[in-house]
Amino acid sequence: MGQEKLQLDGNSLGETALDANLPPDPSRRMWITTACAAGGVAGAATLVPFVGSFAPSDKARAAGAPVELNITDIPPGELRTVEWRGKPVWVLHRTPEQLATLSEDTADLADPDSTRPGYTPEFARNEYRSRKPEYFVAVGICTHLGCSPTPHLSTAGGPGLPPGWEGGFFCPCHGSAFDLAGRVFKNVPAPDNLEVPPYTFTADGSTVIIGVDEENKA
């Protein structure tokens, strides 16, 4: 009877006194484990240099709210990272020289036209994979096993990079490579191009709003 009363009055102060006589509650144990795991992720995130510059508040991130980034102060050839729904999102201001490479490397790419479903919204099914050719917006997570690729934006080659490297992103976990439009190279572990999130620009073109597009309204 005492246990039945506890189930009916689970929020009463008497619950603490009776807990010792009850079998372990798996749901509580799972919650504690999850909380600890989340804390570990948060601790690791503090080691990433760009985390301190993330724009949204903790409350906004938890709610998955759209994230705004002023792009007028991103020089050509540079990249900014923001966080949206717990994911790193890259905003790259591509130079004319970088844009020119996107029509030259297609023979080396697994899905140059971004026809595979799931990672490229309709508005980004073009050579630039973007709304504006000069700005590339992508989720900075490898489509293989979820590592975060490293930007290698210059044409200088390096260990593991494909021959004739024209700049792009390289995943150090398993060697997947992506070009400056996030298109995956052939013969690497990653099966798909980098994900393009929903986004749009403000009317004056000064700000990108990540998390909003024709299919996803704020």
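**Exercise 1. How many helices and strands are there in the protein chain?**

Let's start with the ground rules. This is a predicted model, where local features need pLDDT of at least 70, side-chain atom pairs count only at pLDDT 80 or more, and totals for chains, interfaces and linings use all residues. Residues are numbered from 1 along each chain as its sequence is written, and side-chain values use heavy atoms, with hydrogens and water left out.

Step 1: Take helices (H or I, at least four residues) and strands (E, at least two) as DSSP runs, numbered from the N terminus.
Step 2: The protein chain then has five helices and nine strands.
Step 3: Read from the N terminus, the order is α-α-α-α-β-β-β-α-β-β-β-β-β-β.

**Exercise 2. Classify the ring pair of Trp-90 and Phe-169, and place both residues in the chain.**

Step 1: A pair of aromatic rings is described by the distance of the centres and the angle of the planes.
Step 2: Rings of Phe, Tyr and Trp (its six-membered ring) pair if their centres lie within 6.5 Å; planes under 30 degrees apart are stacked, over 60 edge-to-face, and the rest tilted. By this rule there are six aromatic pairs.
Step 3: For Trp-90 and Phe-169, the centres are 4.5 Å apart and the planes stand at 15°, so this pair is stacked.
Step 4: Trp-90 belongs to strand β3 (residues 87-93) and Phe-169 to strand β6 (residues 168-170), so the pair ties together parts 79 residues apart in sequence.
Step 5: Buried means under 20% relative accessible area, exposed over 50%, and partly exposed in between (1.4 Å probe, protein chains only). Trp-90 is buried at 3%, and Phe-169 is buried at 0%.

**Exercise 3. Now do the like for Phe-123 and Tyr-199, then look at what surrounds them.**

Step 1: With 5.1 Å centre to centre and 90° between the planes, Phe-123 and Tyr-199 form an edge-to-face pair.
Step 2: Phe-123 sits in the loop between α5 (96-101) and β4 (135-139), while Tyr-199 is in strand β8 (residues 199-201), so the pair links parts 76 residues apart in sequence.
Step 3: Phe-123 is buried at 16% relative accessible area, as is Tyr-199 at 0%.
Step 4: Phe-123, Tyr-135, Tyr-199 and Phe-201 form one aromatic cluster.
Step 5: Add the charges, where a charge sits over a ring if NZ of Lys or CZ of Arg is within 6 Å of the ring centre and within 35 degrees of the ring normal. The charged end of Arg-131 sits over the ring of Tyr-199, 5.8 Å from its centre, and that of Lys-132 over the ring of Phe-201, 4.5 Å from its centre.
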